[in-house]
Amino acid sequence: MDLSYSDKYRALQDEVRSFIAANREASPSAVGIRRKPDAKILAWQRLLVENGYAARTIPKKYGGFGASPDVMEAAIIAEEFSKAGVASGIMSQGISMLVPTLLEVGTEEQRERWIRPTILGETVWCQGYSEPGAGSDLANVQTKGVLDGDHFVVNGQKIWTSSAHYADMMFLLCRTEPDKPKHQGISYLLLSMQTPGIEVRPLRTMTGKATFNEVFFTDVRVPAHQIIMGRGDGWTVANITLKYERMMLGDANKFMHRVHRIRALMETTRIDGERLIDKPEWRDRLIRLQGEVMASKYHQMRLLTDAAKGVDSGLGRLVVKLYGTEMGYRLSALAVDVYGAAGLAYDPHDEGQPGEDDPATAWHADHMYDLGLIIGGGSSQIQKNIISERGLGMPREPKPAIPASTKG
Amino acid sequence: MEFALTDEQRMLDDSLRGYLARALPLEDLKTLARTAGGLAEDYRRALSEMGLPGLMIPAEHGGSGLGLLDAAVAAEALGYHAVPFAFAGPGVMAPIAVQAMANAAQQGEWLPKMASGEMRVAVAFAGGTGQTGTADASLSDGELTGRVEGILDVTGATHVLVVLPDGRAALAAIDAPGVSAKLKPTLDRTRPLADISFAGARVDVLDASNDAVAATRRVRDAGRVMLAADTLGAAQAMLDKAVAYAKERIQFGRPIASFQAVKHMAAETATELEPCRALVWFAAHAHDAIPEEAHVAACHAKAHLAEVGRHVQTTTTEMHGGMGFTELMGLELWFKRISLDRHALGGPERCRHEAAVAQGWVSA
């Protein structure tokens, strides 16, 4: 165990602090994952990447900063940004999921082409995974990809596609080998959302906003070289991507930031003239959550140390999505409780992101969105299957005796 | 930067667990718990030879000079095997208290004896921990009067060190005139608690600390981290047993481990428990290396492990069905161990309150 701030770390801390002091005016108010980056966000992202405060460990040749992974450096940067209240780098499916997947299994050409614009926020990705008949049973995807010359021709439908309405690109799971068993017939393709034959229809969620979409494909032609790994390897690639998604959803720094925001809220909210932070029953709810967040913070540092050493954390890694999303939901639930009745005014204008300028509205939207995170990316129940089977070695539920001819 | 155990710490863990798995089979443990007399002499000698009493004592006094993270590794292993061995007091809190509060002559006299196991010092707090029960003692002219209830690790102790509210401490031989120690049958049969009354007992006074309040807090924090580590080990043992049992137990023609209702209980439990390990490691490490974060981390570790421990003891007992409710499996030994850890040295509500005060969220 070595968490000491050696000179190297103290120097980084000073460097980050002076960067923030000099540039805080350029920080956007928030870098949501629910909207297309505007010019201010893109300029900020470029600045962060150039200085190594985003894409820090992405190799230089792909446009990153090229630092070797260091848990402490990442923690120092996250903490200084959080303390100063300036926006950290963009969190998106492209940056958090596709880029590590390309680094793990992409070809050199694919990495060179896609990583740089993605980490700069210029190319926005959406994830073409779920279908009406393939949710928790993701390997049941039926969207077809048929090879025609040097293109795959894609037909079918995707659903729950976040940010498809403004994304530039999609990473898509489709069935290219219909004669092979379910898990071996899938391929993982990259395609432009500008390709003819794609129709995006917004899907309004309980937040009142259309952050999701349905996406329809009619004879959409995708260059055959835009496949990751080979034909039929899509399930392998998808699981690599999902591994990173689950890590992203468990990011502890975000939760620690929330604890501090809720504490500030409790210091200014009063009932019968008394601050909530001074009421033991309110304070205890928050301090208890702080303990959970601390556990996840140090757990994350442990996992990052494992990753840097090339050790598979096994169970430790598998619990991150379930732990993080359930805890995040409890945190936003506490925030909306602190606002109480005074925070119930809710007007989520659909155009752009107003509504979120009102903090109580934003917390309510987060609270509902957090429930979406519990359901999406492999629901909590699917996570529990994965944890018990792969982490604890418990047997799979026996398959019901359904005739082989029945599909679905 | 590295958030992991060192090779030496892993070796300590392996050798302790290896020995305990071999030397303390369940039937022996159940017998020891029934007699409630603490660990048989040969086990205690073996654990002493493995260096537990001197773990935290500097090398110049005959110990190993290791830190609280090493001690946490040991405490987790002891909790995992529910070992009736007095470690948190004599092995951890007492060495820290003596080094922080005793003068050089006292340290020179006591520490080598503590390292060899000749002197085994239980630690009592005359208030300040939030533990329920009487905790009241006062010192006058080198004589201690009062009563402290619910003291850990008095089994086999030669001395008791009473940490006083003013930051001094008083050391008395357990059989000294005016000291009346009574071990009581306790919920956790592997670690009986004791009540001790002092009636003008002659004591050695430890008053050499230059920051007495900080010193007592450090002793208390270390004890709390040890109890958190003990819960971590005990809870992990309960989960491992429950998963193993579910894989063997057949109902409706298949192992109950194949039912989602059972799998999901296990998965929820594992998800709560697994991140606890890093919190305990951090709290222990901070005690030695990051003093400004140590107190809050110790409070959180104690409180969080108490809550997760409650969840684990509940779900894993349920997973054993009716067998979990009996004494046959011995599972109750671990259940009760977690219960003791929760209440000793302050329950979770108290520890969270201290964490809030320490962060300035509220005034004391």
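Here are some notes on the interface, core and sheets of this two-chain model, which is predicted.

1. **The interface as a whole.** A good place to begin is where the chains meet: 40 residues of chain A are in contact with 40 residues of chain B. On the chain A side, the elements that supply two or more residues are α3 (71-84), α8 (280-309), α9 (315-318), α10 (320-339) and α12 (380-391). Of these, α8(A) gives the most, with 14 residues. By residue class, the chain A side divides into 19 nonpolar, 9 polar and 12 charged.

2. **A helix pair across the interface.** Do have a look at α12(A) and helix α8 (residues 260-289) of chain B. Their axes come within 8 Å and cross at roughly 85°, and the two helices are therefore roughly perpendicular to each other. From α12(A), the residues involved are A:Lys384, A:Asn385, A:Ile387, A:Ser388 and A:Gly391. They meet B:Lys263, B:His264, B:Ala266, B:Ala267, B:Glu268, B:Ala270 and B:Thr271 of α8(B). Taken together, the residues of this contact divide into 4 nonpolar, 5 polar and 3 charged.

3. **A helix of chain B covered from both chains.** Which residues of helix α11 (residues 348-358) of chain B are buried? They are B:Pro348, B:Cys351, B:Arg352, B:His353, B:Glu354, B:Ala355 and B:Ala356. Their cover includes α8 of chain A, along with α7 (212-248), α9 (291-319) and α10 (331-343) of chain B itself. After α11(B) comes B:Gly360, which has a positive phi near 75°.

4. **B:Ala306, beside that helix.** This alanine lies in helix α9 of chain B. Is B:Ala306 buried or exposed? It has 25 C-beta neighbours inside 10 Å, and 20 or more make a residue buried, so B:Ala306 counts as buried. Leaving aside residues up to four places away in sequence, B:Ala306 touches B:Thr231, B:Asp341, B:Arg342, B:Gly347 and B:Pro348. One of these partners, B:Asp341, is 35 residues away in sequence, with a C-alpha to C-alpha separation of 7.2 Å in space.

5. **The nonpolar core.** The largest nonpolar core holds 227 residues, and those touching the most other members are B:Ala72, B:Ala97, B:Val162, B:Val225 and B:Val280. The largest share of this core comes from α7(B), with 19 residues. For a closer view, try B:Val162: beyond four places in sequence, it touches B:Ala124, B:Ala126, B:Ala137, B:Leu144, B:Val148, B:Ala169 and B:Ala170.

6. **The mixed sheet of chain B.** Four strands form an open sheet in the order β1-β4-β5-β8, with mixed pairing. At its edges stand β1 (121-125) and β8 (204-206); each has a single partner strand, so one side of each is left without a neighbour in the sheet. Neighbouring strands are turned by 25° against each other on average, direction ignored. Within the sheet, β4 (residues 159-163) and β5 (residues 169-173) of chain B run antiparallel and are joined by 5 bridges. One bridge to follow is that of B:His159, whose partner in β5(B) is B:Ala173. Helix α5 (residues 88-101) of chain B lies across β1, β4, β5 and β8, running at about 70° to β1(B).

7. **The antiparallel sheet of chain B.** Another open sheet of 4 strands has the order β2-β3-β7-β6, and its pairing is antiparallel. Here β2 (135-140) and β6 (179-184) are the edge strands, each pairing on one side only. From one strand to the next, the twist averages 10°. The edge strand β6(B) is joined by 6 bridges to β7 (residues 193-202) of chain B, and the two run antiparallel. B:Lys184 has B:Leu193 in β7(B) as its bridge partner.

8. **A covered strand in chain A.** Last, please look at strand β5 (residues 186-192) of chain A, which is mostly covered, with 6 of its 7 residues buried. Which strands join β5(A) through bridges? Strand β4 (residues 169-175) of chain A pairs with β5(A) over 7 bridges in the antiparallel sense; in that pairing, A:Phe171 stands opposite A:Leu190. Strand β8 (residues 227-228) of chain A is joined to β5(A) by 2 bridges, again antiparallel, and A:Tyr188 stands opposite A:Ile228 in β8(A).

Technical notes:
Residues are numbered from 1 along each chain as its sequence is written. Chains are lettered from A and ligands numbered from 1 in the order in which they are written. This is a predicted model: local features need pLDDT of at least 70, side-chain atom pairs count only at pLDDT 80 or more; totals for chains, interfaces and linings use all residues. Two residues are in contact if their C-beta atoms, placed from the backbone, lie within 7 Å. Ala, Val, Leu, Ile, Met, Phe, Trp, Tyr, Cys and Pro count as nonpolar, Asp, Glu, Lys and Arg as charged, and the others, Gly among them, as polar. A residue is buried if 20 or more other C-beta atoms lie within 10 Å of its own, exposed if 12 or fewer, and partly exposed in between; C-beta atoms are placed from the backbone. Axes are lines fitted to C-alpha atoms, for helices over the stretch in contact, and angles run from 0 to 180 degrees between N-to-C directions. Angles under 35 degrees count as roughly parallel, over 145 as roughly antiparallel, 65 to 115 as roughly perpendicular and the rest as oblique. A nonpolar core is a set of buried Ala, Val, Leu, Ile, Met, Phe, Trp, Tyr and Cys residues joined through C-beta atoms within 7 Å. Two strands pair if DSSP finds at least two bridges between them.
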